[in-house]
Amino acid sequence: MDVSFLQNNIALIVAALASGGMLLWPMLTRRSGGEVDTLVAVQMINYKEGLALDVREGSEYEAGHLPNSKHIPSDKLEQRLSELEKFKDKPIVLIHRTGTNSSGKSRSILRSNGFTHVYNLTGGIDAWRQANLPVVKK
């Protein structure tokens, strides 16, 4: 590579490296925190054969939930793990009212039982609704 090319285009090279870093940063930080926003959740569910797993109580689920989501309340999760076997190596997005509470416990249960791609939906069902994404009632 010609040194003069680098010298003449240093600003463009720095800009390209900076923009690449900004694109990678959310992906790198997301893995450690185990949380995804609504956009990433939709991509995982629609394009990576992921599962939206609603861990809220029955009345909350019936009041409105993601289309095609599976409902297993967090306190029943350990007893019903066999229902999730086919998702062991696929993304599972945990849905709670605000994105934390029992979904953190549920994530720990799933991860300790060999589920490798488990994420909490940041902001839970409230964030889903705020993003004007579809919600169905039972």
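In the predicted model, the lining of the second largest pocket draws most heavily on α3, which gives three residues to it. This pocket has a volume of about 210 Å³ and is lined by 14 residues, of which Ile45, Asn46, Ala52, Pro67 and Asn68 lie nearest its centre. The elements that contribute two or more residues to the lining are α3, spanning 38-47, and β2, spanning 51-54. In terms of residue class, the lining comprises 10 nonpolar and four polar residues, and no charged residue takes part in it.

One of the residues nearest the centre of the pocket, Asn68, is also notable for its backbone, since a positive phi of about 65 degrees is found there although the residue is not a glycine. Most residues other than glycine have a negative phi. Asn68 is placed in the loop that runs between α4 (58-63) and β3 (70-71), and with a relative accessible area of 77% it is classed as exposed, the cut-off for that class being over 50%.

A positive phi is likewise found at Glu49, where the value is about 55 degrees and the residue is again not a glycine. Glu49 belongs to the loop between α3 and β2, the two elements that each give two or more residues to the lining of the second largest pocket. With a relative accessible area of 53%, Glu49 is exposed.

The side chain of Glu49 also takes part in an ionic contact, meeting that of Lys90 in a salt bridge with an N to O distance of 2.9 Å. Because Lys90 lies in the loop between β3 and β4 (92-95) while Glu49 lies in the loop between α3 and β2, this pair ties together parts that are 41 residues apart in sequence. The two partners fall into separate accessibility classes, in that Lys90 counts as partly exposed at 27% relative accessibility, whereas Glu49 is exposed at 53%.

A search of the whole structure finds six salt bridges, and the pair formed by Lys90 and Glu49 is one of the contacts of this kind. Another is formed by Glu83 and Lys70, whose closest N and O atoms are 3.0 Å apart. This second pair links distant parts of the chain, with Glu83 in the loop between β3 and β4 and Lys70 in strand β3, at a separation of 13 residues. Glu83 counts as partly exposed, with a relative accessibility of 34%, and Lys70 is partly exposed as well, with a relative accessible area of 23%.

Glu83 has a further partner in Arg80, with which a salt bridge is formed at a distance of 2.7 Å between the closest N and O atoms. Arg80, at 26% relative accessibility, counts as partly exposed. Through the sharing of partners, these salt bridges join Lys70, Arg80 and Glu83 into one network, in which Glu83 is paired both with Lys70 and with Arg80.

How values were computed. Residues numbered from 1 in each chain as written. Predicted model: local features only at pLDDT ≥ 70, side-chain atom pairs only at ≥ 80, totals over all residues. Heavy atoms only, no water. 1 Å grid on protein atoms, 1.4 Å probe; cavity = no way out; pocket = protein on both sides within 12 Å on 5 of 7 lines; lining within 4 Å. Points joined across faces, edges and corners; volume = space filled by probe spheres on them. Helix = DSSP H or I, 4+ residues; strand = E, 2+ residues; numbered from the N terminus. Nonpolar A, V, L, I, M, F, W, Y, C, P; charged D, E, K, R; others polar. Buried < 20%, exposed > 50% of the residue type's maximum accessible area, 1.4 Å probe, protein only. Salt bridge = Lys/Arg side-chain N within 4 Å of Asp/Glu carboxyl O.
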